[in-house]
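User: Could you take me through this structure step by step, beginning with its charged side chains and then turning to how its helices pack?

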Amino acid sequence: MTENGDEEMKSSVNQFSTQFEWILNVINVGVHIVNKDGDTVFYNEMMAHIDGLAREQVLGENIFQLYPSLTDESSTLQAALDKGIETNESIQTYVNVKEKKITSINSTYPLYEDGEIIGAVEIAKDITKVMNMYDQIVDLRSQLAETYKKNKYFEGTATYHFSDLIGSSPVFQEAISLAKKSARSHSPVMIYGPTGTGKELVAQSIHNVSAHRHQPFIAQNCAAVPKELMEGLLFGTTKGAFTGAVDRLGIFEQANGGTLFLDELNSLDPGLQAKLLRVLQEGEVRRVGGAQEQKINVKIIAAMNISPEEALERGIIRSDLFFRLNVVTIAMPSLKERKTDIAEIAHHFIQKFNKSFFSDVRGISQKAMNRLLQYPWPGNIRELGHAIELAFNVMDTGEDRIDEHHLPAYLFPSGKYTPPNAQSLPPTLKDKVDLPAVLEELEKEMIINMFRKYNGNISKTAESLNITRQGLQYKLNKYKIEKVYTAEWKESRG
């Protein structure tokens, strides 16, 4: 290659090296690269954010100077340098040179050149906040378990009873009848149905009429905890099981003698499904890192938001676990399947919100009820409850009946309430419709209407739309609504 060719190659390599470093600095995971002596040669912006250190403090420093709590045995980077050990998504809790305690999920790999280890790279995802919340939840549950031991008849977290489940339609009553029968035995129960159909309410009701009713009821959403933490949460941990691990009860031990409700079971990692199956078959649990088995006596109620057949077909639940759990299967019907119950449920929510709003709403107009009956309710009972709550928020003082104009705009085909005397024609359907654009425009219009109604008050607007303040702020920025509204507001006032 000519001298000019060498220069071009070096320039190209340097250019790509710069781009590569830029990429590593903008990705949302921490990247820490050390040489064969354990000294830092690269440390990206996200890793600096996780550790709370400045990059210039870290470059050139040895890992044991940066993280004095680590040892040759506990450092995954050192294990990669010394023995070429790869670590995949391992939980690590450590203290850095500023005495900041950090928990992350790390993947660590040795770096080779000509067959020899020349360094190692660690990729980290910060879960410090999640781990802190996890610790608090587990500790609170442990305290609750201790309370049960001291007071056999202590009232627990299962607050719902079958009398709280509203509806007289045959399909709903069939599900409730089966649920009541399932409470007579220790057999596992599988509840499935769309989101918002009341699966946990049924689980609590089963517990409250079962032989376990004076023992703990513990509910855990399997989709709410990272898979790396879920095993310890389920089965408990032993000190030394992983860096930072302590002796701690799992929810199986905490629920011993009572009921364990596992919601969204289909979100549970397949490896953990196998371990869960073993616990169900043996009636014993072993903590992560532990050597001893402990007998447990827990009634299991599992729930999914899809049918068992679909879960099996998609391979997201193990067939052996499914057949072990599927002793009693309760199908919770969607609200669309039990429309005859809508009026009864709506009046139940009116009574509930009368208490919390200190109101005296006596009912709902026929036109408003017709609107409720025509809507498909994809969010089911939970969504219906939110709709009634929104109506309470927008009613004027002295009004004692929910009418059409009190209902959420999304209940109307046009996206907003149209007074009876308004002259409007339904839009003509075209051969092609840009549905995302239409939905965005509808969302924007609904937000503007509420934003105007509450004179630009973020909290009240967010509450009326049943979204968080942060979610509303994002949408206001997205649609530039605040600027538009502010300009109109100033103009209207001269």
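User: Which residues are linked with Arg-278 in a network of salt bridges?

Analyst: The model is a predicted one, and what follows is computed from it. Side chains of opposite charge can pair when their charged atoms come close. In this structure such pairing joins three residues into a network, and the partners linked with Arg-278 are Arg-286 and Glu-293.

User: How many salt bridges does the structure hold?

Analyst: A salt bridge is counted when a side-chain nitrogen of Lys or Arg lies within 4 Å of a carboxyl oxygen of Asp or Glu. Counted in this way, the salt bridges in the structure number 12.

User: How many residues apart in sequence are the parts tied together by Lys-295 and Glu-284?

Analyst: The side chains of Lys-295 and Glu-284 meet in a salt bridge, with a distance of 3.5 Å from N to O. Lys-295 belongs to strand β10 and Glu-284 to strand β9, so the pair ties together parts whose separation in sequence is 11 residues.

User: Is Glu-404, which meets Arg-371 in a salt bridge, buried or exposed?

Analyst: Glu-404 and Arg-371 meet through their side chains at 3.3 Å, N to O. This pair links distant parts of the chain, because Glu-404 sits in the loop between β14 and α17 while Arg-371 sits in helix α15, 33 residues apart. A residue is buried when its relative accessible area is under 20%. Glu-404 has a relative accessible area of 12%, so Glu-404 counts as buried.

User: Is Arg-362 buried or exposed?

Analyst: Arg-362 forms a salt bridge with Asp-360, and their closest N and O atoms are 3.6 Å apart. The cut-off for an exposed residue is a relative accessible area over 50%. Arg-362 has a value of 64%, so this residue is exposed.

User: What is the orientation of α14 to α16?

Analyst: Two packed helices are described by the angle between their axes and the distance between the axes. The axes of α14 (residues 342–357) and α16 (residues 380–394) come within 9 Å and cross at roughly 45°. That crossing makes the orientation of α14 to α16 oblique.

User: How many nonpolar residues are there in the contact of α14 with α16?

Analyst: The crossing of these two helices, α14 and α16, is right-handed. The residues making the contact include Ile-345, Phe-349 and Phe-353 of α14, together with Leu-384, Ile-388 and Phe-392 of α16. When the residues of the contact are divided by type, 3 are polar, 1 is charged, and the number of nonpolar residues is 11.

Definitions and conventions. Residues are numbered from 1 along each chain as its sequence is written. This is a predicted model: local features need pLDDT of at least 70, side-chain atom pairs count only at pLDDT 80 or more; totals for chains, interfaces and linings use all residues. Side-chain values use heavy atoms; hydrogens and water are left out. Axes are lines fitted to C-alpha atoms, for helices over the stretch in contact, and angles run from 0 to 180 degrees between N-to-C directions. Helices (H or I, at least four residues) and strands (E, at least two) are DSSP runs, numbered from the N terminus. Angles under 35 degrees count as roughly parallel, over 145 as roughly antiparallel, 65 to 115 as roughly perpendicular and the rest as oblique. A crossing is left-handed if the near helix is turned anticlockwise from the far one by less than a right angle, and right-handed if clockwise. Contact means heavy atoms within 4.5 Å. Ala, Val, Leu, Ile, Met, Phe, Trp, Tyr, Cys and Pro count as nonpolar, Asp, Glu, Lys and Arg as charged, and the others, Gly among them, as polar. Buried means under 20% relative accessible area, exposed over 50%, partly exposed in between (1.4 Å probe, protein chains only).
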